[in-house]
Every structure is written in structure tokens, then in C-alpha cells.
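Hi there,

Here is the structure I promised to pass on. Have a look at it first, and then read on for what turned up.

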Amino acid sequence: MSLVICSNQEKDGTTLRQNQSIYNAWSFRNPLSSTMTIPANSQVALQSCKVNVDGRVVFSRNNNKFYHYFGDKLSFDSVEIADSTSHPVIVSLTNSEENGQVVELSVDDFANRIQDRIRDTTYHPNCKEQFLCEPLRNASGLDFLGYKFTHVQNDTNVNSVPPNNDFTNFFSPDTPSAFTYTGGVFTRTLDGNDTGCCGIATNKPFSLTNGSYIVNVSTANASDCEWSVALSRHVNLPDGDGLYYPVYYDITGDDDLDFNEECFVDFGVGRNASDELVVFQTGFSDDNNSTYKQEIQYWNNTNSSFTGAGRSAIVDDYSKYGFFSEGEKISVKAYSDSTTAWHLITEYDSVNAGTTYYKPVNQSCWCLHPTLCIGTNSDRSASTCSLTIEEFSSVSLSDYDSTIANKGGWFETMEQINKTDWCFDVEQRTWNDPATNTRIYKRLNGSGGVNASFVMILNQSNLYSPSDGANAKQILGFNQSVVQTPNSGEDTNTNVYESTIAPSLSSSLSMFVKLNNFGQNVMNAFNGNKSKILAHLTDLETSTGRQTYEPKNIIWLDLDNPGDLQVNEFDISFSYINEQYATILTGQSIVALYFRKKPKELM
């Protein structure tokens, strides 16, 4: 029997050979000064090994997934997911380039990864680009205690009237744009009922904390043209009819609003062909199992300045129309030149029926954009008709793009990845049908932010569903599967959550030692390929720093060498089950090998 000692360097802590790849702690070769002969029909086994685990966070698909949620705090006794206006959002800590790989990051880099991935999957406009994550340490700053997660809302509004040429065609990609937009003025340029004049500006989303969107309609009224002022999510992909509608939207289900010209919107107000004031939304009905345009019966809202027997006639004295946000609540008002005051058309109030006010702002339409439409008919010239945006409240965002997945709203992202069925699931809930809408709308908290809870779902939950495959509880440092109560800041704009346990910095993944330049016959069934694995290092998964491993039972592997082997080097490496190098090893690695001639009774 022969014993061979292999090592990448002389001692721990030395920098000798550090820059030479053949002497890495996780992969090294030891050349021999003279050839070593290993007899025919020999076997090899691991006698022992010593390594240093550097304390980086190691994760893969086994512990890389969780969900976060922003909405009603749920309970089986009261509010369940079907009552909420929100939906859990999946977070994968690995990116597309790391699929199937093991990722090793320092604690600080891992905190940055968490922050980046939650920011990437945050879709509420007042929460975008705000989330923070940092390592949590004790007062001395030495002991690692886990992570600090800070969910922040931005309630500071910016008046950002869309820039020149920001409005794009929102009717159909098969029709030319029939408008211009400069200096806040949206002007129709073509006559004809068959020419769609609908535009949407997607530069920034509407703020849902005391936001205002105000449009002057004086010129349109002077031209006696149809017009509509609206807020809408951005639909990037046309439906089967070539129109910009969600795939589950039913254009044939529209209420008869007497519009010759209309496009998809979530919340709208306008003047129809009969010179009437109409208020409308996109909602849901069980009758046809789809969303469609619905009229809001504002005249039945007891708070409205326009109560009566039906639609009010358009009065030129009302020169401006505006939308105003307060969390889930959208109000629409008209400005009177004679009284120099805003008059309420309709808003949510629990004493009125759901048919008289708008649906709550929900996750499918969190990111709302200014949408304008100018119509015409045969006896009116509309080519000079215009609408002027005077005010549009947004939030300051540096990287917003509604055409790119994870840079815009939730609906826009789900549309890009072909998951709009999740959006439809949200929009089928009872609050989206005026006939069954009894929801108490969530408005603003005491700090001026949206009155909603930030929740992390770390293991699969029946309450916060869907949350399939969530498996990040331990790596994020929690002993509960659902984290919905912050350590501080509840009901404010800054919710702080801290790990309840210190996550282990040892590898949660098994390591293996490999002898790469010999002929042992090993099959890695996980990969489905032959391997050079020599042994599973079962005791190296419990701690960091210097560790030794000596198998309790020696496992001898045949080298399948019918003749003598002349060996001039030993090639050693450490890997995970996917055969990827375990680069969390540092300093000196030592591997001791036994070689023996195969016993005759086994031949």
C-alpha cells in the first residue's frame, strides 16, 4: 500500500503560487520529480483531506427562490388572497447566466444581490428603486447576524408633464399615428372615423400618493369633438384583432358609451358623440369571463356634483378634467372657470354602490400612464382639435421602461414573459366587478404612503399563494416561512425587517474531491455522465474555516489499469454535485490518497 500526500501550497495564509491557476485551493496539480509506478490492477481511496472554507454565501436552485408581496396583510380568519388587490411576485437570486450553476458570493455581495433582485421585481411606482438590503452585524460590527431588509416608499411627487414626442400610438400598430405631441399639447392631425387617434405616454408612471393628472380640454370643446382623458397600463402587444388590448379583454363587451373613437384604458372620462359627460373603466364580469369597458354611473354617486337622472351634458365652463390618486382610490373632477374650483365627478365612498365609482387600483394597473384620445364624426372637423396636459404627478425614477420586462409595471412584465394569466387571476376578483365590489379601499398611511404591507414569503405558503418552490428561509436568516410584521416602521413608509437567526455561512451544498488523471470508474448520475469523483466530503457542510475530513469507512475504487501506470503528476480538484469547482476554498488544501493492489479475492 502506498500513501500519497497532495497539496496546493506549503502552508495556510501564504500567497506563494496564488496567481497560478494550477495551485488554486479548489484545483491544483502536483508534478513529481521522478516517475511513480502504480502496479497493474490497483485501487485508490481517500485517506483524508484538509481544506479552508472562506465563509462566502453559496446558493443554487436549491435555495435561491422566494416571493415578495405588497398589499393587504392576509389572514385565514379575515382577508385572504382572493380579497386582495395584489399578487405574490417571484424572486430568483440566480440570474439567467447562472442557471444550473452554484453561485458563491461574499456576504456584502449577496446583500447587494438581494437588493438588486427585489428592486428588479418591484412594480409599484412609489416603491420602485427604493428597496435596501445590507448585512446585519452586532454593535462591534464583527459578528454577522443576518440581513437587514428595508422596504421604502417614495411619496415625493414630481410634476413631469410628458416630454415632446413621448406619446405613442395606442390604437393599433397597423394604423398610422393621427396626432402630434409638443409642449404638452396633444393635437389630432387627421380627419376620418377610420383613423385612430389614441396615444399613451410611457416616460414615467403616475404617482399613487396624492398624484394629480390634469388636462385642459378647452380647444377640444370649442371644436365640438369627442375626447377622452384617461389613465392606463401600457399594453405592448396587440391582441388577435391587431388592437392594443390585453389578451383577456373583450372588445365586444363594451358598454355603449356613444364613442366613435376609443382605445383601451383603465380609468377614463370623456365627451361622447352626443355631447355627454361619460366616465368609464376596464373591469370584469362573470357573464363573459373577460374584462371589458364599463360605464361608471357617477350621477348616482351621492358625493358627486353631477348627480341626476343620467349623464350630464358637457358644459364649456368646465375647462379642465383631472384624476387624483390616494392609494387604491382614483377620483375624477372637473374644474369650473366660473367658480374657479374643482367639482367632484365621482370617487370611492363606502356609502355608495360600486357601480358609481372606479375600481381600486390593483397590481395589474399599478403603473398608470397618461392616455389621450380625440374622436370625430362626419359633420365635425377634428384635424385641429387638441388636449393640453397641465400637470402630471410622477415619481423620480432613473431606469423606468414599460417596454422591457422588470423595468415597468407588473402587467407589462407578465405580458413580456407570457404570464398574463396571473394578471387575469387578479382582475377576476370581486372588487373588479361593479356589481360585486364591496371592498374598503386602502388609501394612505400616516406618513403619506400607500397603506399596504410588504411581505416576504420564504417557503411555500397556502395563505400567500401562489408561492410554489419558495426555498430561501434559511439562507435569508428567518425561522418563519412568511415574514409580514416589520421590526420597525409598521404603517409608515419605511418598513425594516431583520433576520431572526444568523444564516450559516457554511456551504449548504455537498462537496466532492476528485482525482482527475486516473481511471477510476465513477458515474455521476445527477449529471448523467462519467466522473472522476473520489469521495463525498460529508463533514464539510457544517462550518467555515479550517476543516479536516477522514472517512470512517475507506471506499476503494478500481483504477482499471491492466498494466503498470507511470505517474508523473497528481491532478486534484473539489467540486459540487454539478461538477462545478467549489471556489469557496482558500489557503492550503491537503489530500492524502491510498493506493493498493487489488486483493486477489476481489479479482
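Which strands form an open sheet, and in what order? The open sheet has five strands, arranged β2-β3-β35-β29-β32, and their pairing is antiparallel. At its edges stand β2 (23-24) and β32 (533-536); each has a single partner strand, so one side of each is left without a neighbour in the sheet. If you zoom in on the β32 edge, you will find three bridges joining it to strand β29 (residues 512-515) in the antiparallel sense. There, V513 stands opposite A535 of β32. Please keep in mind throughout that this is a predicted model.

**The overall picture**

The protein contains five helices and 36 strands. Its radius of gyration is 32 Å, whereas the globule rule gives 25 Å for 603 residues, so the protein is more spread out than a compact globule. You can see this in the C-alpha trace too, which spans about 105 × 50 × 45 Å along the principal axes.

Of the 603 residues, 56% count as buried. Among contacts with a separation of 6 or more, 72% are between residues 24 or more positions apart. The exposed area comes to about 24400 Å², with carbon and sulfur atoms supplying 44% of it. As for charge, there are 41 positive and 71 negative charges, and their mean positions lie 13 Å apart.

**Two strand pairs to look at**

Strand β6 (residues 65-71) pairs with β7 over four bridges, in the antiparallel sense. One pair of bridge partners here is Y67 and I90, the latter in β7. In a regular strand the side chains alternate between the two faces of the sheet. Strand β7 (residues 89-92) shows such an alternation: V89 and V91 point to one face and are buried, while I90 and S92 point to the other and are not.

The other pair is β9 (residues 132-137) and β10 (residues 144-152), which run antiparallel and are joined by six bridges. L132 has T150 of β10 as its bridge partner. The hairpin they make has six residues between the strands, and G141 in this hairpin takes a positive phi near 80 degrees.

**Three buried serines**

Is S86 buried or exposed? With a relative accessible area of 2%, S86 is buried, since the cut-off for that is under 20%. S86 sits in the loop between β6 and β7. Beyond its neighbours within four places in sequence, S86 is in contact with Y69, F70, G71, I81, Q363, W366, V426 and R429. Of these, V426 is 340 residues away along the chain, yet the C-alpha atoms of S86 and V426 are separated by 7.0 Å.

S232 belongs to strand β17 (residues 227-232). Its relative accessible area is 0%, so S232 counts as buried. Leaving out residues up to four places away in sequence, S232 touches F170, I200, F264, V265, D266, C367, L368, H369 and T371.

S319 is part of strand β21 (residues 318-326). This serine is buried as well, at 4% relative accessibility. With residues up to four places away in sequence set aside, S319 touches V215, N216, V217, S218, Y335 and D337.

**Backbone details in the loops**

What is the peptide bond from S465 to P466 like, and where does P466 lie? The bond is cis, with omega near 5 degrees, and P466 is in the loop between β26 (453-457) and α5 (473-476).

Two residues other than glycine take a positive phi:

- N165 has phi near 65 degrees. It is in the loop between β11 (158-159) and β12 (167-169), and N165 counts as exposed at 62% relative accessibility.
- T340 has phi near 45 degrees. It is in the loop between β22 (329-336) and β23 (341-346), and T340 is exposed, with a relative accessible area of 55%.

That is what I have for you. Happy browsing!

Best wishes

Technical notes. Residues numbered from 1 in each chain as written. Predicted model: local features only at pLDDT ≥ 70, side-chain atom pairs only at ≥ 80, totals over all residues. Heavy atoms only, no water. Rg over C-alpha atoms; globule rule 2.2 N^0.38 Å. Buried < 20%, exposed > 50% of the residue type's maximum accessible area, 1.4 Å probe, protein only. Contact = heavy atoms within 4.5 Å. Areas by Shrake-Rupley, 256 points an atom, 1.4 Å probe, with all protein chains shown as cover. Lys, Arg positive; Asp, Glu negative; His and termini not counted. Charge placed at Lys NZ, Arg CZ, Asp CG, Glu CD. Pairing = 2+ DSSP bridges.
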